[in-house]
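Please examine the sequence and the structure shown below. The paragraphs that follow lead through selected parts of the structure in turn.

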Amino acid sequence: MGHPNVGKSVIFNRLTGADVISSNYPGTTVDYKKGLMRHKGTDIEVIDVPGTFSLEPRDKAEGVALTMLKDNPQARIICVIDASKLERGLYLALDLIEQGHPLVLALNMWDIAHDKNINVDAEKLSSLLGVPVIPTVAVSAEGLSLLMDTLLDAGTPGIAEVGKRLRLAGLMTSQACEGCRGCLLGKACGEIPEHLTSDERWAMVEQIAQRTVTVGHYRHTLKDAIGDYTVKPLTGTPFAIAVLYAFWSIFSTFSGLITDGFMVKAFDLYWLPWLQEWFPGGPGTWIYGVMVDLGHVKDGVWTASTTCLESFGVLTSGLYLEIGVVLPAVFIFYIMLALLEDVGYLPRLAVLMDTFLHKIGLHGYAVVPTILSLGCNVPGVEATRILETKKQRFVMMTILAIFIPCGAQIAIMHDVIPRYTGFVMAYLFLGYFVFGFLLNRVIPGTTPDIIMDVPVYQRPIMRDVRRKVAMRTKSFLKDAIPYVTLGILIVNILYSQGAIDALAKASAPVFEGWFGVPRQTAGPLLAAFLRKDLAIAQLSAIPMTEYQLITAIVLVSIYFPCIGTFFMMLKEGGKAFFGSLIVLICVAFTWVGLLRLVWNIMGVQ
Amino acid sequence: MRLSHIRKKGIGMIKDLYELAPDEQGVIVAIEGGRRHHLTDLGLRVGKRIKMVTRQPFKGPVVVQVDQVTLSLGKGLALKIKVEVA
Amino acid sequence: MRRVWQGYFAFLGMTVLSCGLLEFLAAAAGHQLTFPFIAFSTGAFRGLWGGLVTIFSGIFLLRGLGDFGEVHRMAKLLMGCILLWIMAATDIFALIAAAVPSIDSGRWFNSGPLFLRALAPPYTPAVILLPFSLPVMLCLRRFGVP
């Protein structure tokens, strides 16, 4: 247990080998994770608890931690404290000691404290608190085995004990005193307390800290100066612009290299023809059409497709899209995200963005779900948990699902309309802010101010980066492939049954009248419910002008969350989700309709 | 400048945290409002030395340093923390 | 010695700034300013956004002068270099990425000589100026900044 971002998840990972994501912005762990570790021949269950500042639950995460304690009275606790922020951590530690569980204190991030010239006398601290105190550097696993050894021998001192020890350390005067509150606070002797009030606890914290922490001369190093400059608006904003440029440029280059450079060849020149030849049935049969190649009719003759994109087969388009186009994009995205996270830049970005985000009723924190959503909307919506009020969560969830395209969509857009991807993204982002602003005005409630730690820059630990990327990519694949396969299968079957045509005819007035796109967009829109990237690919096969394609793509991005996001929204938002849907429909008609208006004014089709 | 918030008291002037200039330092003398415990959790208590690092434009948050830790606070909060400048 | 460093970075800063301006303006005007050795604008994205970052880089470098050696100035100098390195790195990455796969549908990779030929100039100013920014490391060491 411990504060957010002290390294609990890192310790958990090093002890159990389990995959948990650790970051330096709050809200990363919101549910507790269980893992198993082997220590000296026995299997021990270890639980990673979301960060809490105290045991008075103020938001979901803290409530979870408290429940954990109540449900497991026999549990031994590793209280993780950031050695460079001892006072904060001590408050929670004293609280935990009061609870009476066997406890060990892990004084983590020892290396950072050292860099800051902060020294903590661990032995003294231990003698004052009556619990073992072990310095650790979780990211390099130092001190962890000692930690585990000590944990199994840990005792349960209780708070009166702490008072007693403080007295012994020279605080109190009276011999008869048994460490009651009175002495600590300079009052007369009183009864032996069971619980301290908040102020009393802080007083105790200060007493302990005074005796154990020595701070050397604080030199403002180059790293600190850069740390400050990257958060100051005048210097930080250009830097942020550069970082975002690098992000986008690397993303573009990498996905271009892998997809256009290799995947297209592999799929179009080898996979497709091979399947076309080998797959049972041959052209014309139903199963062939659905699984491999639907083909198209040219001049009255059925001709085979030449690229995986147009073939529409489950095994061809499906695999090509997910593995050839989307996977490389998502992969590089996650790598860069993990690097930015670990280096400590994201909180600074959040501070820089907070001003603007506050205008739309959100926090700087909102940067996190937004960036996550650019990878995949599902974890992005999940991350809205870190926002404090219902209103914020609703607004964020809604505009995320509506306006932020996921990495898969972006990758396919890049493939299909490379020159206009930027424009589409800009238009969507504009919608994000505009509607965020409107929603903020319309929905009652205020947004609390931001309070956030700005961590020191540090070298990213490649091991953690690798782990995070592997985890996120794997979970993405698990979500992607089944749904794409299902999507193409269903759409193809519907096509062959003529259901799509019927649907298209029925909705023609809406599509052609209001949006100005051909009626066949009904088909891909159906597929968009399952996977949006698939829908965009299918759109590109329908004959229409470039501008119509742009409108259609914007429509697909906005109109309905993909099934993964759909379920996540239900889970996170509950009833509010239906409110989101209504907003969505309104937005779809207005924002996309507006686009069509723009085309009309420009005089293009 | 919000003159009503600047009074002379004892050695130094008392200002809202929000009004400190970059690199200006002081000691926290009071914290108003209902979110006190959030602030104390992060180490901002009466008696602590605090230093302003930067402000963000358009009524944005401030970045401050307490006990060698850098954090960011929204404007509303920064207005509720009173600091004796010294 | 200090004077020499200051002069050097002043010159570098101004060069970077001017190149950035050129890139940005060329892209804004829609021109592709490409010479045999140096390519100023290769497209809207690189020119506008990338040019902007290059301009910032130049500004940071210039702001790093003044009380040379002092921590805050050095920080700005280093940040200016970092921005330049970001531009150079992304440009080089793009260059290599374009050179690796073969356009010929028969092969996967470009053959050795073809690969090298694809890496040939023209280069963007950031790439060309990259080696000139490396002395900043020496500078940092010399002035005792960790």
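How many of the 30 residues of α14(A) are buried? In this predicted model, the number is 23, so helix α14(A) is largely enclosed by the rest of the structure. A residue is counted here as buried if 20 or more other C-beta atoms lie within 10 Å of its own.

The length of this helix can also be checked. Helix α14(A) covers residues 314–343 of chain A, and at 1.5 Å a residue its 30 residues should span 44 Å. The C-alpha atoms at its ends are 41 Å apart, which agrees with that expectation. The helix nevertheless has a bend of about 45° at A:Val326, and within four residues there follows a proline, A:Pro328. After α14(A) comes A:Gly344, which has a positive phi, near 100°. A general point helps in reading any such element: an α-helix has 3.6 residues a turn, so residues three or four places apart point the same way.

Attention now turns to a sheet in chain A. Three strands form an open sheet in the order β3-β4-β6, and their pairing is parallel. The edge strands, each of which pairs on one side only, are β3 (77–82) and β6 (133–135) of chain A. On average, and with direction ignored, neighbouring strands of this sheet are turned by 25° against each other. Six bridges connect β3(A) with β4(A), the strand of residues 103–108, in the parallel sense. To follow this pairing at the level of residues, one may locate A:Cys79, whose bridge partner in β4(A) is A:Leu105. Helix α6 (residues 144–152) of chain A packs on the sheet and touches β3, β4 and β6 of chain A. The direction of helix α6 makes about 165° with that of β4(A).

The last part concerns the two chains together. Their contact takes 25 residues from chain A and 26 residues from chain B. On the side of chain B that touches chain A, at least two residues each are supplied by α1 (36–41), β4 (49–55), β6 (69–73) and α2 (75–80) of chain B. The largest share of this side, five residues, comes from β6(B). By character, the residues of the side of chain B that touches chain A are ten nonpolar, eleven polar and five charged.

Strand β6(B) also pairs across the contact. Strand β10 of chain A, residues 451–453, is joined to β6(B) by three bridges, and the two run antiparallel. Within β6(B), the residue that stands opposite A:Met452 is B:Ser72.

How values were computed. Residues numbered from 1 in each chain as written. Chains lettered and ligands numbered in written order. Predicted model: local features only at pLDDT ≥ 70, side-chain atom pairs only at ≥ 80, totals over all residues. Contact = placed C-beta atoms within 7 Å. Nonpolar A, V, L, I, M, F, W, Y, C, P; charged D, E, K, R; others polar. Pairing = 2+ DSSP bridges. Expected span 1.5 Å × (residues − 1). Bend = angle between axes of the 7 residues up to and from the residue. Buried ≥ 20, exposed ≤ 12 C-beta atoms within 10 Å, placed from the backbone. Axes fitted to C-alpha atoms, helices over the stretch in contact; angles between N-to-C directions.
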